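I opened this entry to record what I looked up on strand pairing and the nonpolar core. The structure is placed below for reference.

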Amino acid sequence: PRTSQAMDAVASGGDGLGGAFSASGTRPQRSDFIDLGHLGEGSVGAVTKVMHKTSGNIYALKVVDKARIIGHQLGEQLLAEVKTQLKLAHPSLLRCYDYFED
């Protein structure tokens with residue numbers, strides 16, 4: 001399994017924390033998104049442009065290799081980064097709207 005973070009990628013996409021994800025009262029799942037293309041890769045995962053099926057909002061979905069996180073004992077660090085990103089709101093940084101685990 002992989003750990004994923006849904007992050008806003010386009011200014012006109014996403015309506016902010018409490019948007020499409022909290023409206024239904026359920027946590028997002030990978031199956032809630034349609035892949036629109038590969039955006040890039042990092043040392044522990046890849047980022048894909050996606051569209052939320054229900055809202056039509058466009059996001060960047062960061063998929064992190066769970067085995068690599070566990071193997072390098074980075075679970076606490078990843079969770080700390082996610083919690084920090086959930087609180088950040090800056091025009092020069094991507095906003096993390098939610099996260100989920102497959």
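In which sense do strand β3 and β4 pair, and over how many bridges? I found that β3 (residues 45-52) pairs with β4 in the antiparallel sense, over 7 bridges. I worked on a predicted model, in which local features need pLDDT of at least 70, side-chain atom pairs count only at pLDDT 80 or more, and totals for chains, interfaces and linings use all residues. Residues are numbered from 1 along each chain as its sequence is written, and side-chain values use heavy atoms, with hydrogens and water left out.

Terms: strands (E, at least two residues) are DSSP runs numbered from the N terminus, and two strands pair if DSSP finds at least two bridges between them.

Hairpins. I noted 5 residues between the strands in the hairpin of β3 and β4, where Gly56 takes a positive phi near 80°. The hairpin of β2 and β3 has 3 residues between its strands. Strand β2 (residues 33-41) runs antiparallel to β3, joined by 7 bridges.

Val50. I looked up its partners: Val50 in β3 is the bridge partner of Asp35, and Val50 also stands opposite Tyr59 in β4.

Core. I listed the largest nonpolar core (buried Ala, Val, Leu, Ile, Met, Phe, Trp, Tyr and Cys residues joined through side-chain atoms within 4.5 Å) as 7 residues: Phe33, Val50, Tyr59, Leu61, Val63, Tyr97 and Phe100. β4 (58-65) and β5 (96-101) each supply at least two of these residues, and β4 gives the most, with 3. I also recorded that 6 of the 8 residues of β4 are buried (under 20% relative accessible area, 1.4 Å probe, protein chains only).

Technical notes. Buried means under 20% relative accessible area, exposed over 50%, partly exposed in between (1.4 Å probe, protein chains only). Helices (H or I, at least four residues) and strands (E, at least two) are DSSP runs, numbered from the N terminus.
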